[in-house]
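Q: Could you take me through one part of this model in close detail? I'd like to hear about the aromatic rings and how they are arranged.

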Amino acid sequence: EVLSHLTSNLTYYIPKRFDEGYGLNKEALRKIKDAGVDLVITVDCGSVSYDEVEYGKSIGLDIVVTDHHTVTDRIADTIVINPMQPGCPYPFKHLAGVGVAFKLAQAIAAETGLPKSIINRTLDLVGIGTIGDIVPLVDENRTLAKFGIRAVNVSQRPGLAKLIEGTGLHKGQIRSENISFVIVPHLNASGRMEDAKVAASLMMTKSEENSTAGVEKLIRYNGERKRLQEETYQQCKNLVETVYTDDNFLVIDLKHAHEGITGIVAGKIKETFGKPTIIVTPTADDCLKGTGRSVEGVNIYKMLKENEALFERFGGHAAACGFTMKKDYLSKLRQRLNQQLEDLLAEHPALLEQELKADIVLQPEDVSIDLVTDMQKLEPFGCDNPRPLVEVEVVPTALRRMGAKGQFIRFIGVLNDGREVQCVIFRDAERYDALLQKGGKISIIGTLGTQSWNGRVTLQITVLGAK
């Protein structure tokens, strides 16, 4: 978008995750060169794509890498803009890929004399990308997210406005959670289910008509994504409870799974069982593709790095990973990862005991809209700046099931002073059935917020744990 104010001789290329993976690949570089391109600027990839960059140079491409991933292998021999590379003096190391691209855009604008308004108009994208990449919302990321959220709420971008409208959100009322749980999943759904260009073109279009069609596609993709995700989650959950019962590091072998949702499912399984989780699926060339998510305190990238010889290629960071490997090595990988985790547990026995703890225990008189307003001053919430967890005693009444399959629970919590607060459980609701049915006093832990309905504002606790 920023470069388009300097030249019309411009195009973009998004690798298809199913055929090409995420990063630089030689075939794509050849296609790009054949299309008449001379300069390639990467976003969110390329720091260790040494061979690919050398190939690109050999066919006459100049390459600039912008990236934010950890550099542990041979760095590409070209201009690399990455705060995580060894020796980089940039003071803040945790920019998202979109944040690094934004820094380059700022520098280009300063060098070429572009007005600041052109940079400011991209802040909606910067905010969505920073929140969506689940980087720590501290320091500079906190600033980018804060101004990004403001920009989303006033954005003149037709595609974003239509997406906000089509997903039931309202301009001027959008918070970080709305971006995390509504806007980002819809944008990601196009790449997960078909082609990321659908989302990219929606964000760039100036046409109202194209916006409507693009949003309809994203809503359809996201609905399909949710359906497949739930089916795959239940399948994995069943395998963990019947086949992998003795494993602390879950390596789940699925014969059939949509590649676009395995990462999300790995994250959900990790949360349900409190164990690092990798899901592997077969590829067309008789290999396995794996995607993983880890718990706090277990650096999944470091563990894979120790088994590097088993992979055709791999990458990631402390909390997430992706790799390709020969099928024959799967049992060895599972055995080694479980052994590595056993060694870690011998040093830190409570490593996998992720007990849910409240930040503050509330008395009945503390549960108020004023407290919600005060806590909103800590926004934007996200990675490393989570919404505060509160604990309060209630008597649950008026239980009812929600969701297409009754997988969620809504109930009224009666406080000790007789006031009522709406309570809802979205995650692992069946786990709390027996406790809620007793009808006695229980302690619930969750996030305190408000619900608006017909102009009436009521308190609501999203319950994450109960005892």
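**A close look at the aromatic cluster**

A: Let's begin with tyrosine 301, which is buried at 10% relative accessible area. Keep in mind that this is a predicted model. The partner to look at here is phenylalanine 314, also in the buried class, with a relative accessibility of 16%. Both values fall under the 20% cut-off for calling a residue buried.

Now put the two rings together. The ring centres of tyrosine 301 and phenylalanine 314 are 5.5 Å apart, and the planes meet at 35 degrees, so this pair is tilted. To be called stacked, the planes would have to be under 30 degrees apart. Where do the two residues sit? Tyrosine 301 belongs to helix 13 (residues 300-305), while phenylalanine 314 is part of strand 7 (residues 311-316), so the pair ties together parts that are 13 residues apart in sequence.

Phenylalanine 314 has another ring to deal with as well: phenylalanine 311 pairs with it, again in a tilted arrangement, with 5.4 Å from centre to centre and 40 degrees between the planes. Phenylalanine 311 and phenylalanine 314 are both buried.

Step back a little and these pairs turn out to belong to a cluster, in which ring pairs link Tyr301, Phe311, Phe314 and Phe323. Across the structure there are 4 aromatic pairs.

Rings also turn up with charges over them, so to speak. The charged end of arginine 74 sits over the ring of tyrosine 50, at 3.7 Å from the ring centre. Arginine 220 lies over the face of tyrosine 221, and there the distance to the ring centre is 5.7 Å.

While we're on side chains, a word on the cysteines. A search of the whole structure turns up 0 disulfides. Take cysteine 236: the closest cysteine sulfur belongs to cysteine 321 and is 14 Å away, too far for a bond. The cut-off for a disulfide is 2.5 Å between the sulfur atoms. Cysteine 236 is buried, at 0% relative accessibility, and cysteine 423 is buried with 0% too.

One last stop is the second largest pocket, with a volume of about 330 Å³. Its lining has 15 residues, and the closest to the pocket centre are Gln422, Gln451, Arg456, Thr458 and Leu459. Strand 14 gives the most to that lining, with 5 residues. By class, the lining has 6 nonpolar, 5 polar and 4 charged residues.

How values were computed: Residues are numbered from 1 along each chain as its sequence is written. This is a predicted model: local features need pLDDT of at least 70, side-chain atom pairs count only at pLDDT 80 or more; totals for chains, interfaces and linings use all residues. Side-chain values use heavy atoms; hydrogens and water are left out. Rings of Phe, Tyr and Trp (its six-membered ring) pair if their centres lie within 6.5 Å; planes under 30 degrees apart count as stacked, over 60 as edge-to-face and the rest as tilted. Helices (H or I, at least four residues) and strands (E, at least two) are DSSP runs, numbered from the N terminus. Buried means under 20% relative accessible area, exposed over 50%, partly exposed in between (1.4 Å probe, protein chains only). A charge sits over a ring if NZ of Lys or CZ of Arg is within 6 Å of the ring centre and within 35 degrees of the ring normal. On a 1 Å grid over the protein atoms alone, a cavity is a set of points where a 1.4 Å probe fits but cannot get out, and a pocket is an open set with protein on both sides within 12 Å along at least five of seven lines; lining residues have an atom within 4 Å of a point. Grid points are joined across faces, edges and corners, and a volume is the space filled by probe spheres set on the points. Ala, Val, Leu, Ile, Met, Phe, Trp, Tyr, Cys and Pro count as nonpolar, Asp, Glu, Lys and Arg as charged, and the others, Gly among them, as polar.
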